[in-house]
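Trainee: I'm new to this one. Can you show it to me and let me ask how the descriptions are reached?

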Amino acid sequence: MTAVIDTHCHLADAKFRGEVDAVIERAAEAGVLQIVSVGAIGSIESDRLTVEIAERHANVFAAVGVHPHDARDCTADRIAALRTLASSKKIVAIGESGLDFHYMHSSREAQEQSLRKHLELAAELELPIVIHCRDAETRLVEIVREIGTPARGGVIHCFTGDTSAAREFVALGFHISFSGILTFKNARAIREAAPTIPDDRVMIETDAPYLAPEPYRGKRNEPAYVVRTLEVLAQLRNIEVAAMGAQVIANASRLFGLPSGSENQ
Ligand SMILES: [Zn+2]
Ligand SMILES: [Zn+2]
């Protein structure tokens, strides 16, 4: 069994309700040694629940933030509440924040303002930032250049850009994380970008419960399925699956400051 990590999922999502422990157990059985669970979707309750889950499970870590879809709710009070939650020892990042000009559930102005606040919060708390970017690469690069990449760096999660966007994000100090989309045969630009990411910047994730990889496409996703994405990434980068697993674990551990996987066994 290959050791791997899921660097981004949403264990507090309603689709996992009553099943979180079983989902984490299935992941461990599949070789997923550690999980980074992201709150951020909906109200502050999802962040609170995410921290609670992480505090109950040694191998689960948490990120808190306001998703770009909900950016209109990113008030000063909300940032203050995130700052308080971030005092948990299990918090390893701020996010996900970013820009989503595809769905536009919040206005462009609200998303940009929320992103600025998250970049500042990550810098202040000396944490890395988790970035969501959809159809907004150019604007994202502009805003990050203006505010600055947090000292601890960050990750462009569920990367959906092309090779040149990936190159820009890497130059800005970001890691690039691939989701199950990498397993879709029609995701040509993303599959082309995958082998171009430097060895020390590549990561993988499920973004569960969303975006299940092939052959589970369309079903509810879960961290155990990150193994499928690992296999495809290894194939595209022409490297053994076990070595690819070790690489993504090392990169995620460095970025998020995780204890080494063996300490949890
Ligand atoms: Zn996202
Ligand atoms: Zn997500």
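Trainee: Why is helix α8 called roughly perpendicular to α9?

Mentor: The axes of α8 (residues 226-237) and α9 (residues 241-256) cross at roughly 105° and come within 9 Å. Axes are lines fitted to C-alpha atoms, for helices over the stretch in contact, with angles from 0 to 180 degrees between N-to-C directions. Roughly perpendicular covers 65 to 115 degrees, so α8 earns that label against α9.

Trainee: Is this an experimental model or a predicted one?

Mentor: It's a predicted model, where local features need pLDDT of at least 70 and side-chain atom pairs count only at pLDDT 80 or more, while totals for chains, interfaces and linings use all residues. Residues are numbered from 1 along each chain as its sequence is written, and chains are lettered from A and ligands numbered from 1 in the order in which they are written.

Trainee: What makes Ala40 buried?

Mentor: Buried takes 20 or more other C-beta atoms within 10 Å of a residue's own, with C-beta atoms placed from the backbone (exposed is 12 or fewer). Ala40 has 26 such neighbours, so it counts as buried. Its phi is near 70°, positive for a residue other than glycine.

Trainee: And what makes Cys158 buried?

Mentor: Cys158 has 24 C-beta neighbours inside 10 Å, so the label is buried. Cys158 also has a positive phi, about 45°.

Trainee: How do you know that the buried residues of α2 line one face?

Mentor: Ser46, Asp47, Thr50, Val51, Ile53 and Ala54 are buried in α2. Down the axis they fall within an arc of 160°, so they line one face. On the other side, Glu45 and Arg56 are exposed.

Key:
Helix = DSSP H or I, 4+ residues; strand = E, 2+ residues; numbered from the N terminus. Parallel < 35°, antiparallel > 145°, perpendicular 65-115°, else oblique. Arc of directions from axis to C-beta.
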